Amino acid sequence: MTQMSQEEIVSNTKTVLQGLEALRVEHLTLISNLTEGSKKDPDKSEIVMKNIENIELGLGEAQVIVVLASHLQNIEAEKQKLRTQVRRLCQENAWLRDELANTQQKLQSSEQTVAQLEEEKKHLEFMASVKKYDDNQENEEQQEKSRSDPVVELFPEDESEERHTMSPTPPNQFANHANAGYEIPARLRTLHNLVIQYASQGRYEVAVPLCKQALEDLERTSGHDHPDVATMLNILALVYRDQVCV
């Protein structure tokens, strides 16, 4: 026996429903004739009544099958609708993922650009500060020359003797202190090299502020107990010593 489809079951059920309805009408006519006519037969009437009850039961079951089939068709249509919505949502989800990936790439590119611009800004600010020191070099030298140390005026012989006993630090000694087993951070290496260069050239009015700035940056980024801080303190002490000896 071949398996019937849902449409075939519904079609056959409707056909049976029509046949049962016609059979019910015939039985009602028959029972009417048996009960109202001159020839009454109680046995036949009872059999016909039982048949009518069975026919009505079959009609009810057939109607239930038709209603159930209609309900199943509605459910199947709803399932198809939901499947279509799921496919559409999957497509939208894939599109949103692509858009999110593109947005993340643009965000990363923007962050890199901002970081690069910030580094360039810091570099320009630093170069501007160095240029400011260079532009004001002559004025600062004149101010340093015009200043008089009251201690030197009171004890000129002691100061002269102390200057003879103290010898300026050789230029390469600053570099030796800078590389004495320590690695200066890359972000401070340029400033550190400028301190060494200005100190070796005798431009202490520029070297001292730069050295102080490098020391403050090291203390802020590495802490007061970091070896680089001790190295920078030694260099600052050498700068002060050579400045006094000049």
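**Note on an all-helix predicted model**

1. M4 sits in the segment that precedes helix 1 (6-36). The model is a predicted one. With a relative accessible area of 32%, M4 is partly exposed. Together with I9 and I65, M4 makes a nonpolar surface patch of about 230 Å².

2. On the overall fold: the chain has nine helices and zero strands. Read from the N terminus, the order of elements is α-α-α-α-α-α-α-α-α. Of its 246 residues, 22% count as buried. The accessible surface of the chain is about 18,100 Å², and carbon and sulfur atoms hold 54% of that area. Among contacts with a separation of 6 or more, 67% are between residues 24 or more positions apart.

3. Q63 belongs to helix 2 (residues 42-135). Is Q63 buried, partly exposed or exposed? Its relative accessibility is 46%, so Q63 counts as partly exposed; the buried class ends at 20% and the exposed class begins over 50%. The C-alpha atoms of Q63 and T13 are 8.3 Å apart, although 50 residues separate the two in sequence.

4. The largest nonpolar core has 20 residues, and L194, Y198, L210, C211, M232 and V239 are those with the most contacts inside it. Two or more residues of this core come from each of helix 2, helix 7 (186-200), helix 8 and helix 9 (227-245). Helix 8 gives the largest share, nine residues. A separate core of five residues includes L17, L20, I55 and A62. As general background, nonpolar side chains in soluble globular proteins tend to be buried together.

5. Helix 8 deserves its own point. The buried residues in helix 8 are Y204, E205, V206, A207, V208, L210, C211, A214, L215, D217 and L218. Does the length of helix 8 fit its residue count, and what span should be expected? Helix 8 (residues 204-222) has 19 residues, and at 1.5 Å a residue it should span 27 Å; the end C-alpha atoms are 26 Å apart, which agrees. The expected figure uses one less than the number of residues. After helix 8 comes G223, with a positive phi near 95°.

6. On charge pairing: six salt bridges are found in the whole structure. One of them joins the side chains of E56 and R24, at 3.4 Å from N to O. This pair links distant parts of the chain, with E56 in helix 2 and R24 in helix 1, 32 residues apart. E56 is partly exposed at a relative accessible area of 39%, and R24 is partly exposed at 23%. E21 joins R24 and E56 in a network of salt bridges. In general, side chains of opposite charge can pair when their charged atoms come close.

7. Two further salt bridges lie within helix 2. E46 pairs with K50, the closest N and O atoms being 3.9 Å apart; these residues are four apart in helix 2, about one turn of the helix. E46 is partly exposed at 46% relative accessibility, and K50 is partly exposed with a relative accessible area of 47%. E92 and R88 meet at 3.1 Å, N to O. Because E92 and R88 are four residues apart in helix 2, about one helical turn separates them. E92 is partly exposed at 37%, as is R88 at 43%.

Key:
Residues numbered from 1 in each chain as written. Predicted model: local features only at pLDDT ≥ 70, side-chain atom pairs only at ≥ 80, totals over all residues. Heavy atoms only, no water. Buried < 20%, exposed > 50% of the residue type's maximum accessible area, 1.4 Å probe, protein only. Contact = heavy atoms within 4.5 Å. Areas by Shrake-Rupley, 256 points an atom, 1.4 Å probe, with all protein chains shown as cover. Patch = residues over 30% accessible without salt bridge, like charges linked within 9 Å, V, L, I, M, F, W, Y side chains within 5 Å. Salt bridge = Lys/Arg side-chain N within 4 Å of Asp/Glu carboxyl O. Core = buried A, V, L, I, M, F, W, Y, C linked by side-chain atoms within 4.5 Å.
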